[in-house]
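Welcome! Let's take a short walk through this structure, one helix and one sheet at a time.

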Amino acid sequence: MAPDRGDIWHENPFPLIPVVRLGPASDLGDASVRGADSGNAHITTPLVQDLRALVDDYFAPPAAPGRRGRAIALVGGYGLGKSHALRRTYQTVRERHSEAAMWIVDEPAQDMGRLYRDRLRGPGDSVQGRQAFEELVRDYYAYVTAGWVGAQEGDPRRDTLQEIATGLRERALDPDKVVAALRYDPEVIHADLRGTLGEVTEHRRFATALALLLEPPFKRMVWNWLGGEEPAEPLRERGITEAIGPSGGGAGNPAGIDRVFDALAVQGFLHGRVGSAYVLLLDSLEKVLDWPEENRRTFMDAFERLVNIYTSHGGLLVFCTSPEGLRALRAGMHERVVQLWPTGLSDEHTRELVAKYLAESGQGTGTEAVPAAPDTGPFEEEALRLLHELTEGVPREVLKVCRLAWQLSEEPPEPADSAEPAEPSAPAEAGPGSPSGSLPGSGTGTGDHGGPDGGRRLVVRRVTGATMLKAVRQLHERVSYRKVLDDVHDALDLGQWRIASRDPVPARLSRSPGGRDEVVHWLSPAPNAYIAVIHTRSVLLADDAERIAAHVHGLRSAVRPGRFEALLVVNGLVSQAMQDRLGRSIGSRPLVYRQGGFAQTVHEALLQLERRLVEEQREGDLAELGERMRRDLEQQQAAQLEELRRAVAALALETVPRGTVPATAGSVGELEPGAAELPVPVRRRFRDALAMLETVTRRVAGRAVNRRVAATPADLSVLGCATLVRELTEDFRGSVTAWARGTQPGAPTELQLSELRRICREYECAVEVLPVHLLGGAEPQHPLTPARAVEVLAEEVWGSLSAVS
């Protein structure tokens with residue numbers, strides 16, 4: 001079939017471009033246009049239900065001046081049905097609350113003046129809307145005048161004035177005649193606008209226009225001005241000198257943005273002032289993010305002021321935006337906006353959407369309501385399962401895939417039996433609105449691919465899972481292999497990445513079996529470290545993910561003992577679930593090719609993988625250093641333990657009373673030469689610490705002697721630790737003694753105190769890295785454990801000597 005036929009949408013039940021806009025009448029649902037790009041089918045999603053509930057609550061009684069305003073944000077990515085839900089809101093309000101004023105903005109524009117004149121739909125677009133607005137202005141006059149009349153407490157005509165005020169509120173009296181009869185100043189209208197909108201807009205020119213709107217000679221001029229045109233000379237003479245949307249400002253005129261929002265604010269305020277419902281629908285707010293800084297800031301400030309007007313004065317504002325667009329609003333605005341976040345369709349809703357389009361086109365059941373078990377026509381069960389799984393229920397993707405799968409499934413009909421008459425073709429006089437074909441009883445769809453002069457009829461008997469996979473690949477693999485490689489090359493140029501001088505694996509391993517996955521570049525950002533940039537097509541099934549994982553694991557095994565990372569570039573579709581699965585299996589999330597800025601994306605991903613390789617190298621070096629230190633320590637400890645083992649064996653052979661161990665030379669009670677020069681508290685602390693260490697040594701050695709067996713590994717560890725700590729403590733005492741010998745009592749210099757601090761700190765650090773917790777509990781004669789005694793020894797020595805000095 002030819003994919004570029006102009007009449008193809010007459011045959012395919014799914015829209016060519018499934019995009020909803022709030023512009024053309026067909027998109028707004030004013031007419032059911034067969035084959036319209038936006039489609040005419042509708043299903044009730046959770047988003048539509050939640051939005052409908054909020055809208056119904058807004059219009060629920062009482063509709064008095066106490067109506068509560070609200071702003072609703074539909075927030076989400078593209079294709080999730082935000083604009084569709086907004087269109088349903090328009091249809092609901094138009095059908096159920098036709099009296100409500102409604103403004104529609106299909107999308108923001110930098111030239112807000114042109115948008116206001118040409119694209120913004122509002123009450124002034126129709127005769128009925130203009131009449132309703134003029135009546136609203138009369139009500140506003142009556143409302144303000146009634147408040148003024150009823151407030152005259154000291155007037156002797158008080159009872160009469162109260163009756164007049166009641167008549168004005170009930171619309172039984174003409175406010176113009178009341179003002180003229182009572183000789184009140186019309187400035188009261190200006191004052192009311194000024195008092196309420198003084199900080200929002202230029203109230204005076206709108207007050208003047210509203211006053212003139214009810215005067216027949218000026219009515220047409222005011223409506224032209226409210227429609228965005230330049231003011232006529234009579235209006236200029238009365239102070240209205242500029243258009244609401246200045247025509248000469250062009251796209252870079254922030255003043256035009258403010259004036260348009262001022263007009264919307266005033267018109268909305270008038271409805272709220274008299275208790276009437278008013279609605280503003282705005283689509284694609286995120287388009288503002290691409291504007292120049294000044295225009296974007298001006299628009300956001302004006303939009304937030306408008307939100308405040310609607311929420312404070314009883315209006316309903318519904319707008320669509322992306323998450324980025326919502327973040328562009330001030331944090332305080334988030335508290336004033338009800339947020340609805342659409343998600344992908346469920347499996348049931350996906351089937352219902354397909355059935356709806358078949359039914360609306362006359363190629364399904366043909367009934368208005370979809371039955372409990374939707375008739376999905378030629379779509380097989382496997383095709384529908386894959387459709388939901390691969391599109392993740394995004395409505396726009398569902399419709400695009402269905403359309404292409406339908407086209408791929410079209411085929412010529414089987415030849416008719418010569419004994420039976422051929423099925424008549426569609427009548428020649430059938431217009432574009434007539435069904436182009438129908439499905440046989442089995443749910444077969446047909447399509448006439450001929451032009452007005454007739455042609456052979458094509459049919460769709462079934463849409464299989466294989467066809468659905470083929471459609472997804474064709475839809476998402478539109479960019480050539482060469483284009484993807486060009487963008488990867490640009491990324492390498494951007495970061496001046498070092499390409500490996502030779503491939504670290506044989507050429508046969510660079511491609512997966514079947515050739516679907518290929519290493520297009522080997523990068524070597526560091527010695528003996530590699531990043532493989534792998535190109536692949538769509539990853540749709542579990543078999544695709546397993547094939548890629550096996551390929552990457554094979555590369556990692558071949559590169560060993562070097563460090564290895566893989567960057568997977570996918571030219572096609574990968575669902576979020578499949579991206580998570582690949583990320584777990586190959587160690588990094590794949591990059592899905594997107595036109596525009598992809599080279600920068602690849603460059604940033606390569607930087608992340610390079611950092612990971614550097615961190616792995618650093619961790620490997622630290623692990624190697626730690627292992628080397630551990631081996632050296634084990635060798636040193638083994639030598640010390642062997643010496644202790646010989647000492648214990650020698651003790652066991654001596655004739656000593658059972659349960660005792662003779663004191664060794666150099667008992668703790670003895671002081672090394674010069675130790676007497678230390679202050680008494682310091683000598684006592686050294687003596688106590690060394691005594692506890694000696695006790696630990698005797699206790700462990702005594703257990704071995706009493707058992708008359710070799711010491712256990714645990715005992716040897718304790719002995720080794722106690723011996724090493726004792727040596728450190730004796731060296732510490734010697735260093736402190738030498739320091740004290742060279743220091744005049746009571747007069748150490750700052751340099752000498754720094755030296756003492758260094759000696760204490762070295763001992764403290766040495767003890768911290770040893771397993772002193774193995775030394776056991778406290779002895780009855782001392783409150784401290786051996787571990788605690790040596791841990792605080794340096795602090796106590798420093799405190800004593802620095803205090804004495």
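What you see is a predicted model. A good place to begin is helix H16, which covers residues 381-391. Its buried residues are Ala383, Leu384, Leu386, Leu387, Leu390 and Thr391. If you look down the axis of H16, these buried residues fall within an arc of 165°, so they line one face of the helix. The spacing fits a simple rule: an α-helix has 3.6 residues a turn, so residues three or four places apart point the same way.

What do the buried residues of H16 pack against? Their partners are three helices, H15 (347-360), H17 (395-409) and H18 (465-476), together with strand E10 (563-574). Just after H16 comes Glu392, which has a positive phi, near 55°.

Now turn to the sheet. Five strands make up an open sheet, and you can follow them in the order E2-E3-E4-E1-E5, with parallel pairing. At the edges stand E2 (101-105) and E5 (337-340); each has a single partner strand, so one side of each is left without a neighbour in the sheet. On average, neighbouring strands here are turned by 15° against each other, direction ignored.

Let's zoom in on one pair. Strand E1 (residues 70-75) runs parallel to E5, and four bridges join the two. One bridge to look for links Ala71 with its partner Val337 in E5.

Finally, find helix H1, residues 46-59. H1 lies across E1, E3 (278-282), E4 (316-321) and E5, and it runs at about 170° to E1.

Technical notes: Residues numbered from 1 in each chain as written. Predicted model: local features only at pLDDT ≥ 70, side-chain atom pairs only at ≥ 80, totals over all residues. Heavy atoms only, no water. Buried < 20%, exposed > 50% of the residue type's maximum accessible area, 1.4 Å probe, protein only. Arc of directions from axis to C-beta. Contact = heavy atoms within 4.5 Å. Pairing = 2+ DSSP bridges. Axes fitted to C-alpha atoms, helices over the stretch in contact; angles between N-to-C directions.
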